[in-house]
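Here is a short round of questions and answers. Look at the structure first, then read on.

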Amino acid sequence: MNNKFNYSITKELDTAYYHWIIKFIIETIGLIPSYQKHVTEETHFIYGDYNSADNLKAIKIPQNSLDLINEAILYGEANKKTLESFDVITAIGKFLTDAVNENKTDDCYDVHNRLNSLNSYQREIGFQDKPIVNLYMNFIKKIVEETFQFVYTPMFPEGIKSVIILSHDVDDPVKYALLNNYKLFPKNLSLKNSILYHMEAIKKTFERLTKKDENIYWVFEDVMNSESKYGFKSTFFFASRNRFEKHANFKEDVPYDVEQNGFNKIFKKINDNGFEIGMHASYYAKNDKEILREEIEKLERLSNRKLVGNRHHFWQIGSKPEKTLQLHYQNGLMYDSSIAFNDAPGYRRSIALPYLLFDKQLNQTINIMEIPTFMMDSNFMLNPEFGQEKAFDQAKHYIDQFHAIGGVGAIDWHVRTSSTNSSRFRKWGEVYLQILEHLSKQEGIWVTNFETFHRWMIKRNETLYDKT
Ligand SMILES: [Zn+2]
């Protein structure tokens with residue numbers, strides 16, 4: 001089978017880093033990367049100095065690391081010659097390692113150390129709503145197809161152009177979680193936090209008595225029903241360390257306790273109906289392999305299933321996600337979806353495809369499938385640039401732009417905001433239902449959960465390498 005793509009790299013650029021970028025490109029377009037130390041008649045692609053190969057058919061890209069943006073490619077006006085003056089390899093590498101944002105000062109980050117989208121490189125260049133790396137990849141694929149005859153392994157099932165993954169961070173499904181597990185002498189809390197804890201308990205007790213809205217955010221079944229109507233089955237990310245426990249962030253971690261409150265029944269329902277349970281790692285889990293391990297083991301025990309992947313609560317994957325993903329790998333996780341903007345929709349690393357990160361310090365690829373999230377509820381419902389009445393139109397715009405280019409991206413709507421059950425989040429729930437309906441009407445979008453897509457990719461990559 002003709003699917004081996006021979007590539008060669010000039011000696012001075014022959015590093016693990018460049019091999020990682022080129023391998024990602026070739027595998028994603030559906031071919032097997034095969035490195036050649038010396039350029040021959042059989043070489044398909046040369047990176048770096050290609051003077052000696054001037055009259056070969058190979059695609060040649062010289063190193064010229066200055067430009068990251070090539071408008072001819074982005075606007076569909078480029079041809080094979082474009083690659084001789086634009087170093088798309090370096091550009092893709094800089095987006096995927098986030099080097100494009102490496103000079104940002106501290107004030108470009110929020111208090112949780114997340115880059116503000118308004119201060120990002122992606123915003124500066126005006127490409128907030130388009131995954132630039134996907135556009136570069138589409139262009140490279142087109143040039144390869146025009147230049148050579150290959151048998152490609154498709155990225156998606158037949159007829160599919162893009163994959164949207166539906167997911168819900170489970171942050172606050174139990175309105176009076178604190179009261180359900182109230183202790184007069186809480187362990188693990190400092191004196192100051194104990195005082196805050198008791199004050200909050202008094203306030204919540206009063207609220208519960210007057211409002212009688214105990215179950216208002218317990219909407220798992222409602223959410224599953226809304227999605228099932230269209231045959232969609234999403235992922236629910238549960239936290240197993242709450243804010244009152246050791247190693248937790250008292251202010252920011254979740255209040256609920258997965259060992260109580262009927263979570264066991266919900267876990268069973270989620271499992272029985274083919275939805276996914278994933279890990280919602282706590283605020284500090286990024287720092288420590290054991291903290292993360294405890295959370296995974298606890299959730300696996302309670303949910304009675306093996307966890308495949310994770311999304312960090314508050315996007316707390318750390319300032320060096322490459323390091324944190326090593327902890328995932330050591331703990332047996334296989335995918336992550338924690339790289340996103342918090343304050344706006346868009347593509348944090350300008351990509352909407354699964355990819356592996358590269359740790360430049362260790363000089364190695366991290367074997368965790370990163371799947372970007374490009375839309376979150378609050379990006380649309382609390383956006384300072386438009387009101388809630390525009391939320392669905394904006395969400396539709398992002399979905400349509402994404403689908404026109406093609407790729408893989410996740411939507412994160414929290415559980416309580418995915419239902420119209422509470423008056424506080426009714427509008428949020430309505431927009432989510434509109435999104436589901438919109439997705440159901442699109443041709444060529446596969447709407448699924450992370451686990452199902454991850455399984456597909458494993459099989460797809462096996463097929464790719466089987467075809468030799
Ligand atoms: Zn969360």
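Q: How do you know that the end C-alpha atoms of helix α7 (residues 191-211) are as far apart as they should be?
A: A helix here is a DSSP run of H or I, at least four residues, numbered from the N terminus. The expected span is 1.5 Å times one less than the number of residues. For the 21 residues of α7 that gives 30 Å, and the end C-alpha atoms are 30 Å apart, so the two agree. This is a predicted model, where local features need pLDDT of at least 70, side-chain atom pairs count only at pLDDT 80 or more, and totals for chains, interfaces and linings use all residues. Residues are numbered from 1 along each chain as its sequence is written.

Q: What phi does K212 take just after α7?
A: K212 has a positive phi of about 50 degrees.

Q: What makes residues of α13 and α14 count as in contact?
A: Their C-beta atoms, placed from the backbone, must lie within 7 Å. The axes of α13 (residues 391-405) and α14 (residues 426-440) come within 10 Å and cross at roughly 35 degrees. A391, F392, A395, K396 and I399 of α13 make the contact with V431, Q434, I435 and H438 of α14.

Q: Which classes make up that contact of α13 with α14?
A: Ala, Val, Leu, Ile, Met, Phe, Trp, Tyr, Cys and Pro count as nonpolar, Asp, Glu, Lys and Arg as charged, and the others, Gly among them, as polar. The contact has six nonpolar, two polar and one charged residues.

Q: How many residues of domain 2 are in contact with domain 3?
A: 11 residues of domain 2 contact nine of domain 3.

Methods:
Axes fitted to C-alpha atoms, helices over the stretch in contact; angles between N-to-C directions. Helix = DSSP H or I, 4+ residues; strand = E, 2+ residues; numbered from the N terminus. Contact = placed C-beta atoms within 7 Å.
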